[in-house]
Each structure stands twice: as structure tokens, then as C-alpha cells.
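Subject: the model you asked about

Hi,

Here is the structure to look through, with my notes underneath. Open it up alongside this message and follow along.

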Amino acid sequence: MAAARGCLSSCARPMLPRLCGGLAAGPRSLLGASAYSTALVVGSGGPGQREVAASRRSRTLQIARSRRVPGTPRTEKMAVDQDWSNVYPTAAAFNPSSVPLPIRMGYPVKRGVPPPKEGNLELIKIPNFLHLTPPAIKKHCTALKDFCTEWPTVLDSDEKCEQHFPIEIETVDYVSAGPSVRNPKARVVTLRVKLSKLNLDDHAKKKLIKLVGERYCKDTDMLTITTDRCPLRRQNYDYGMYLLTVLYHESWKTEMWENEKTEADMEEYIWENSPSQKNALDTLLRIRAAEKTTEVTREELLASGIVENYKTSVVALKNEGETENNILQYKESVMKLLNLQALQ
């Protein structure tokens, strides 16, 4: 047994260098390869790694040498009498190197002062009006003056302007501190026009008032149309003009069923050819016949002040309702019509 052990150990010694050499050439055994490679990496300090480290150091030095040195800000080079419209010709974000003002904005930290303009995001986020200085606005107006016409000398009062331009357009521009200068409320367009300025007869006017509903104010005789369905202001303006055009032409149309309307279907009480008119005329004719006065025609009675007063009171009572003022006015007109004031 001892002889066998000695033989095995003596045979294994010359095979170990061969086995290591074979693993270095091509790793066939994972255990031997891992042990051999680990020993090589940890214990090696060959010339290849020294060359890599030297090249890295030289590259770092080149980057440090080529780094730009911050120059003098533009604000320190600006002349005092420079044209500011050349610095900010149009709307742009805030640029600290172009504004020669000690502007600060932001929350003061630890009871200090707000942060300066350099690298201040609060100044960049909000819109500014650095391009709309008074000299810049004057320059813009001078450039646009060649494309404008003089104000007509005939339109020297608001009444004349309203007479020749009855349609009034109202829009609103919003200025807010936000990431965008556009406000969705600015698309709303309001159109106003008086119905008395439109070419409408009695039928067309009543039909148009029925179509628009609450958009018409009877006290001011003003029709108001507000459009906000479209995303752009110009689209809402065109839509409002389209609605006004359609309402105007539809009000002039007379449908077949409109000719079949009775007195109960009317929107308001009409005095002409009404029972009240016929009864008032018949009563006055009988009174004149009983008093044996000169004969008076129906047209003269209708044009008299007593009948006109009675007409006004009846129409107000029928259309506006039984208010205290209307009832009192109706009472006085009836007493004048029947000549009952002499009996009081």
C-alpha cells in the first residue's frame, strides 16, 4: 500500500506542469481555468496596463486644457444708448446675459434675498414684455402707418358710427403668468346688434325674437350672440356672423302653418281688427247717435286721442299682465272713453 502511494505521488508531480500549461492554452476544466486566471489577473502588473493608464491620464489632461473659460457677459459690453429693439425684437424667453438689469425672482431662502437672474428658472417660465417697450411700439406703429387709412371725417360721433356700423364685436385678450401666452378664454366672441338697425318687418321681427329666445333684451332692443365652440377666435367670429345671417333670412320666411294662426296663437296682443277695437268703435258710434251730434267716420274715431289712450292701456294689460299700474291706466281710459268723468 505504501509503495502504491509513493508511485502515485511520483507520477502526479511531472503531470502538474503539463496540466497547467494545457489550461493556459485552452480552458477545458472550469476549476483549473478559474484558479489559473484569477492568479494571473491579481498578480500581474504587465506593461499593457501601464500603457492604458498613461493614455487615460493624457486624455484627461487634454480635456482639461480644451475646456472653455467663461467670457465676459454681454450685459457688460452693451452701450448705454443702444437700440433695445435689436436685443429683443420679438417675444422670447428671458435671457440673463441680454438684460442689463439686476432682476431677482423666486422664494428667498433662509430669510435672504430672492435668487439672481443667472440660472433662474422662474424668470424663464413666465412670459415677459421686454419686446414691447415704448420705443419698440412706436417703431412698429411707424412701420404699420403706411398700411393704414385715415379715420373718416364723417364718423365724428358715436351715433353715426352706430348708424353705419350697427354690428358690435367684443373680444377679450388675457395676460397671465404661465407656460403659454395663449389663453383658451380668448377664443370667445360676442356679437351685438340692435334689431331696429336690421331691415325687418313686424312678422320678421317677431319671428326672429322667437328664434333667439333669451338672447334678445327687450329693454335695450339688443340681440347678443356669444360663440365659443371653435378653438380659434377667427372661427368663432365667422360662426357668429353665420348665425346672424341664418336668423335674418329665416325670419323673413313665412311657413304654411303661420297663415293658420289664430288670435290665441299670437305672441302678443294685436289691436287691429280685435274684438276690443270693434266694441270700442260700436260704443262710440251709439253714443254719438244718441247725443245726435255730427256724424264721425270710423277712421276719425280711431285717430282720436280717447281711442289711442284706450288702445295703449288694453295692449299693455294684455301683453304685460295685470299690474297695478296697468289696471289703473285701463280704468282711466275706460272712464274717458265712456265720458264718465263728468258723473264723479
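Start just past helix 8, where glycine 213 has a positive phi, near 70 degrees. Keep in mind that this is a predicted model.

Some background on the chain before going further. There are 13 helices and 4 strands in its secondary structure. The chain has 344 residues, of which 18% count as buried. If you take the contacts with a separation of 6 or more, 51% of them are between residues 24 or more positions apart.

**Helix 8 and helix 9**

Back to helix 8, which covers residues 202-212. Its buried residues are Ala204, Lys206, Lys207, Leu208 and Val212, so two lysines are on that list, as buried means under 20% relative accessible area. What sits over them? The cover for the buried residues of helix 8 includes strand 3 (216-217), strand 4 (222-227) and helix 9 (233-252).

The packing with helix 9 can be put in numbers. The axes of helix 8 and helix 9 are 8 Å apart, and the angle between them is about 130 degrees. That makes the two helices oblique to each other, and the crossing is right-handed. On the helix 8 side, the residues in the contact are His203, Ala204, Lys207, Leu208, Leu211 and Val212. They meet Leu247, Tyr248, Glu250, Ser251 and Trp252 of helix 9. Sorted by class, this contact has 7 nonpolar, 2 polar and 2 charged residues.

**Helix 12 and helix 13**

Now go along to helix 12, with 16 residues. From first C-alpha to last, helix 12 reaches 22 Å, close to the 22 Å expected at 1.5 Å a residue. Just after helix 12 there is again a glycine with a positive phi: glycine 321, at about 100 degrees.

Which residues of helix 12 are buried? They are Val307, Tyr310, Ser313, Val314 and Ala316, and they pack against helix 10 (275-291), helix 11 (298-303) and helix 13. The spacing of some of these fits a general point: an α-helix has 3.6 residues a turn, so residues three or four places apart point the same way.

Helix 12 (residues 305-320) and helix 13 (residues 324-337) have axes that come within 9 Å and cross at roughly 150 degrees. That makes helix 12 roughly antiparallel to helix 13. The crossing of this pair is left-handed, and its contact has 9 nonpolar, 6 polar and 2 charged residues. Among the helix 12 residues that meet helix 13 are Ile306, Asn309, Tyr310, Ser313 and Leu317; their partners in helix 13 include Ile327, Tyr330, Ser333, Val334 and Leu337.

Serine 333 is worth clicking on. Is this residue of helix 13 buried or exposed? Serine 333 is buried, with a relative accessible area of 0%. Leaving aside its neighbours within four places in sequence, serine 333 is in contact with Asn309, Tyr310 and Ser313.

**One loop residue**

Last stop: alanine 92, in the loop between helix 4 (84-87) and helix 5 (121-125). Alanine 92 counts as partly exposed because its relative accessibility is 41%. Its C-alpha is separated by 8.0 Å from that of proline 127, which is 35 residues away along the chain.

Cheers

Technical notes:
Residues numbered from 1 in each chain as written. Predicted model: local features only at pLDDT ≥ 70, side-chain atom pairs only at ≥ 80, totals over all residues. Heavy atoms only, no water. Axes fitted to C-alpha atoms, helices over the stretch in contact; angles between N-to-C directions. Parallel < 35°, antiparallel > 145°, perpendicular 65-115°, else oblique. Left-handed = near helix turned anticlockwise from the far one by under 90°. Contact = heavy atoms within 4.5 Å. Nonpolar A, V, L, I, M, F, W, Y, C, P; charged D, E, K, R; others polar. Buried < 20%, exposed > 50% of the residue type's maximum accessible area, 1.4 Å probe, protein only. Expected span 1.5 Å × (residues − 1).
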